[in-house]
Amino acid sequence: MERLQKVIANSGYTSRRNAEKLISEGRVSVNGEIICEQGVKVNSSDVILIDGVELNKNEKKVYYLLNKPRGYISSVKDEKGRKTVVDLIDTDLRIYPIGRLDYNTTGIILLTNDGDFANHLMHPKNNIKKTYLAKIEGILSKEDIVKLKQGIVIDDRKVDTSNFKIKKKDLEKNNSLVEITIIEGRNHIIKNIFSSLKHDVIKLTRTNYSFLDVKDLKSGEYRELSIKEVKKLFSE
Ligand code: URA
């Protein structure tokens with residue numbers, strides 16, 4: 001017996017968090033009965049329907065690494081009809097991005113239909129490092145540098161921002177290039193870190209996700225992860 005949300009996530013239908021949402025919205029039934037509470041246990045012979053369609057519990061698991069271009073949103077569908085990162089991948093499976101890059105942020109993003117994998121990578125306790133290159137307005141002052149070394153509080157929670165390097169300072173154009181590695185995955189985190197220091201982010205790219213990079217992929221290109229890479233990420 002396994003928890004319903006776990007079975008849905010394991011099937012590759014969606015992430016566990018989203019499965020919980022589907023359940024509380026009353027969109028999931030087990031053997032004909034709508035289930036709205038979390039934690040209900042099911043077994044392999046139970047028939048699970050989502051929006052009236054039977055869940056295929058044995059979908060093939062896929063793992064993609066994409067070099068995200070500007071102008072794409074990191075979700076499966078967009079209410080405003082904008083292009084999504086999923087549109088760039090040629091598959092019929094229900095994949096979704098792991099975490100989020102903003103519409104105009106470029107660089108490395110993973111997509112999968114494996115809920116356990118997505119959960120593993122998004123869980124803060126697994127300390128997955130993400131490196132960003134941020135072009136910011138202005139030049140960091142000595143005080144800014146001290147604050148970054150000490151960590152920055154965003155929405156009452158401290159972010160470890162101590163792992164950063166100033167790669168370039170353009171005094172004429174009054175901007176800088178800063179490389180920063182963090183574990184945090186909150187939305188807009190890099191922009192919020194620099195805006196708390198009164199520096200707007202002009203351009204943002206994510207260059208590394210754990211041991212992965214997208215140096216061999218042009219903007220908009222993607223590849224499947226190898227089994228070795230998937231196993232390594234699962235063991236991080
Ligand atoms: N932090 C941001 O501010 N934006 C991103 O796209 C990713 C991290």
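The following exercises, each with a worked solution, go through a predicted model of a protein.

**Exercise 1. The whole chain**

Task: State how many helices and strands the protein has, and into which domains the protein is divided.

Solution: Begin with the count of elements, which gives six helices and 17 strands. Next take the extent of the C-alpha trace, which spans about 65 × 40 × 35 Å along its principal axes. Of the 236 residues of the protein, 44% count as buried. The division into domains then gives domain 1 (2–54), domain 2 (63–124 + 215–234) and domain 3 (129–209). The centres of domain 1 and domain 3, taken over C-alpha atoms, are separated by 40 Å. Finally, turn to the contacts between residues at least 6 apart in sequence, of which 63% join residues at least 24 apart.

**Exercise 2. An open sheet**

Task: Work out in which order the four strands of the open sheet are arranged, and which of them are the edge strands.

Solution: The order of the four strands is β3-β2-β5-β6, and their pairing is antiparallel. The edge strands are β3 (33–34) and β6 (53–54), each of which pairs on one side only. To look at one pairing in detail, take strand β2 (residues 28–30), which is joined to β3 by two bridges. Within this pairing, Val30 stands opposite Glu33 of β3.

**Exercise 3. Strand β7 and its partners**

Task: Decide whether the residues of β7 are buried or exposed, and find the strands with which β7 pairs.

Solution: First consider the two directions in which side chains leave the strand: Tyr63, Leu65 and Asn67 point one way from β7, while Tyr64, Leu66 and Lys68 point the other way. Residues of both groups are buried. Because six of the six residues of β7 are buried, the strand is largely enclosed by the rest of the structure. Next come the partners, beginning with strand β9 (residues 106–112), which runs antiparallel to β7 and is joined to it by six bridges. In this pairing Leu66 stands opposite Ile109 of β9. A further partner is strand β17 (residues 222–224), which pairs with β7 in the antiparallel sense over three bridges. There the bridge partner of Leu65 is Arg223.

**Exercise 4. Two serines in a loop**

Task: For Ser74 and for Ser75, determine whether the residue is buried or partly exposed, and describe what its side chain reaches.

Solution: Start with Ser74, which is found in the loop between β7 and β8. Its relative accessibility is 9%, and because this is under the 20% limit, Ser74 counts as buried. A polar atom of the Ser74 side chain lies 2.8 Å from the backbone oxygen of Leu101. Leaving aside neighbours within four places in sequence, the residues in contact with Ser74 include Lys68, Gly99, Arg100 and Ile109.

Now move to Ser75, whose place is in the loop between β7 (63–68) and β8 (96–97). With a relative accessible area of 21%, Ser75 is partly exposed. The side chain of Ser75 reaches the backbone oxygen of Lys77 at 3.0 Å. Beyond its neighbours within four places in sequence, Ser75 is in contact with Thr84, Val85, Val86 and Pro97. As a last step, compare sequence with space: Ser75 and Ile98 are 23 residues apart in sequence, and their C-alpha atoms are 9.1 Å apart.

**Exercise 5. The buried side of helix α5**

Task: Identify which residues of α5 are buried, and explain why these residues are on the same side of the helix.

Solution: In helix α5 (residues 189–196), the buried residues are Ile189, Ile190, Ile193 and Phe194. They are on the same side of α5 because they cover an arc of only 125 degrees around the axis. A general rule helps here: an α-helix has 3.6 residues a turn, so residues three or four places apart point the same way. The elements that cover the buried residues of α5 include β10 (130–137), α4 (142–150), β14 (175–182) and β15 (201–209). After α5 comes Lys198, whose phi is positive, near 65 degrees.

**Exercise 6. Around the ligand**

Task: List the residues around the ligand, and find which backbone atoms its oxygen and nitrogen atoms approach.

Solution: The residues around the ligand are Leu101, Asp102, Thr105, Tyr132, His188, Ile189, Ile190, Lys191 and Leu204. Turning to individual atoms, an oxygen atom of the ligand is 2.7 Å from a polar backbone atom of Asp102. A nitrogen atom of the ligand is 3.0 Å from a polar backbone atom of Ile190. For Lys191, a polar backbone atom is 3.0 Å from an oxygen atom of the ligand.

Note on methods: Residues are numbered from 1 along each chain as its sequence is written. This is a predicted model: local features need pLDDT of at least 70, side-chain atom pairs count only at pLDDT 80 or more; totals for chains, interfaces and linings use all residues. Side-chain values use heavy atoms; hydrogens and water are left out. Buried means under 20% relative accessible area, exposed over 50%, partly exposed in between (1.4 Å probe, protein chains only). Contact means heavy atoms within 4.5 Å. A polar contact is a pair of N or O atoms within 3.5 Å; within protein, one must be able to donate a hydrogen and the other to accept it, and residues adjacent in sequence count only if both atoms are side-chain atoms. The arc is that of the directions from the helix axis to the C-beta atoms. Two strands pair if DSSP finds at least two bridges between them. Domain bounds come from an automatic or database domain assignment. A residue is near a molecule or strand if one of its heavy atoms lies within 4 Å of it.
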